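Here are some exercises to work through with a viewer open beside you. Try each task before reading its solution.

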Amino acid sequence: MHSGSRTESEGPADLTGAQHLLWTGQQLHPDVPLYNMAFTFEIEGQLDADTFRAAFSTLIEQVEALRSVIRCVEGVPQQSVLDDFPFELDLIDLEAAGDPAAALAEWAQERCERMLDLEARTFDSALVRMGPDRWAW
């Protein structure tokens with residue numbers, strides 16, 4: 001294991017500095033998503049959404065940081081890397097919007113305002129269809 005993380009079967013580990021900031025921010029301001037940020041990457045050309053979703057699932061299986069969650073153990077926040085991490089990449093269709101780019105910006109802002117359940121996951125992700133050969137991730 002690297003960066004101090006452990007799988008569920010190995011037990012919890014101390015938080016990284018970034019994880020500690022995220023957890024502390026949610027404790028101090030439980031209704032304010034202080035550290036939520038949206039990054040969008042536009043993809044032009046043909047894309048098979050099912051293949052993209054399968055690739056993202058494989059990424060999650062292989063990258064411990066994506067399977068890391070924060071749970072309190074005897075009152076102390078700890079990180080655990082989940083062995084079983086159920087996550088399905090959302091598929092959002094904005095193709096019919098009058099201005100898909102503006103609709104994406106509005107959707108991303110609204111999505112950033114959602115609080116993360118740090119005991120379930122520390123990230124969010126979606127694939128957005130903006131046109132026949134235009135996507136954003």
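The exercises below concern a predicted model and deal with a helix, aromatic rings and salt bridges.

**Exercise 1. The faces of a helix**

Task: Find which residues of α1 are buried, and work out how they are arranged around the axis.

Solution:
- Start with the helix itself: α1 runs over residues 17-28, twelve residues in total. From first C-alpha to last it reaches 16 Å, close to the 16 Å expected at 1.5 Å a residue.
- Next, pick out the buried positions, which are Gln 19, Leu 22, Trp 23, Gly 25 and Gln 26.
- These buried residues sit on the same side of α1, because they cover an arc of only 160° around the axis.
- A general rule helps here: an α-helix has 3.6 residues a turn, so residues three or four places apart point the same way.
- Now turn to the other side of α1, where Gly 17 and Leu 28 are exposed.
- Finally, ask what the buried residues of α1 pack against: their partners are β2 (68-73) and β3 (76-81).

**Exercise 2. Rings around Phe 123**

Task: Describe the geometry of the aromatic pairs that Phe 123 forms with Phe 85 and with Phe 87, and locate the rings in the chain.

Solution:
- A search over the whole structure gives seven aromatic pairs.
- Phe 85 and Phe 123 are one of them, with 6.0 Å centre to centre and 20° between the planes. Planes under 30 degrees apart count as stacked, so this pair is stacked.
- The two rings come from distant parts of the chain: Phe 85 belongs to the loop between β3 and β4 (90-93), and Phe 123 to the loop between α4 (100-112) and β5 (126-131), 38 residues apart.
- Check accessibility: Phe 85 counts as buried because its relative accessibility is 12%, and Phe 123 counts as buried at 11%.
- Phe 87 and Phe 123 also form a pair, at 5.0 Å centre to centre and with 55° between the planes, and this pair is tilted.
- Phe 87 lies in the loop between β3 and β4 and Phe 123 in the loop between α4 and β5, so their pair ties together parts 36 residues apart in sequence. Phe 87 is buried, as is Phe 123.
- Step back to see the wider cluster: ring pairs link Phe 41, Phe 52, Phe 56, Phe 85, Phe 87, Phe 123 and Trp 137.

**Exercise 3. Following the charges**

Task: Locate the salt bridges of Glu 88 and Asp 90, then find which residues form a network.

Solution:
- The whole structure holds five salt bridges.
- In one of them, the side chains of Glu 88 and Arg 53 meet at 3.5 Å, N to O. Glu 88 is in the loop between β3 and β4 and Arg 53 in helix α2 (residues 49-62), so the bridge ties together parts 35 residues apart in sequence.
- Compare the two ends: Glu 88 counts as exposed at 58% relative accessibility, while Arg 53 counts as partly exposed at 23%.
- Asp 90 bridges to Arg 111, with the closest N and O atoms 2.6 Å apart. This pair links strand β4, which holds Asp 90, to helix α4, which holds Arg 111, 21 residues apart.
- Here Asp 90 is partly exposed with a relative accessible area of 30%, whereas Arg 111 is buried at 11%.
- Arg 121 and Asp 124 form a salt bridge too, at 3.2 Å, N to O. Arg 121 is partly exposed at 27%, and Asp 124 is partly exposed at 29%.
- To finish, join the pieces: Asp 90, Arg 111, Arg 121 and Asp 124 are linked in a network of salt bridges.

Notes. Residues numbered from 1 in each chain as written. Predicted model: local features only at pLDDT ≥ 70, side-chain atom pairs only at ≥ 80, totals over all residues. Heavy atoms only, no water. Helix = DSSP H or I, 4+ residues; strand = E, 2+ residues; numbered from the N terminus. Expected span 1.5 Å × (residues − 1). Buried < 20%, exposed > 50% of the residue type's maximum accessible area, 1.4 Å probe, protein only. Arc of directions from axis to C-beta. Contact = heavy atoms within 4.5 Å. Phe/Tyr/Trp six-rings, centres within 6.5 Å; stacked < 30°, edge-to-face > 60°. Salt bridge = Lys/Arg side-chain N within 4 Å of Asp/Glu carboxyl O.
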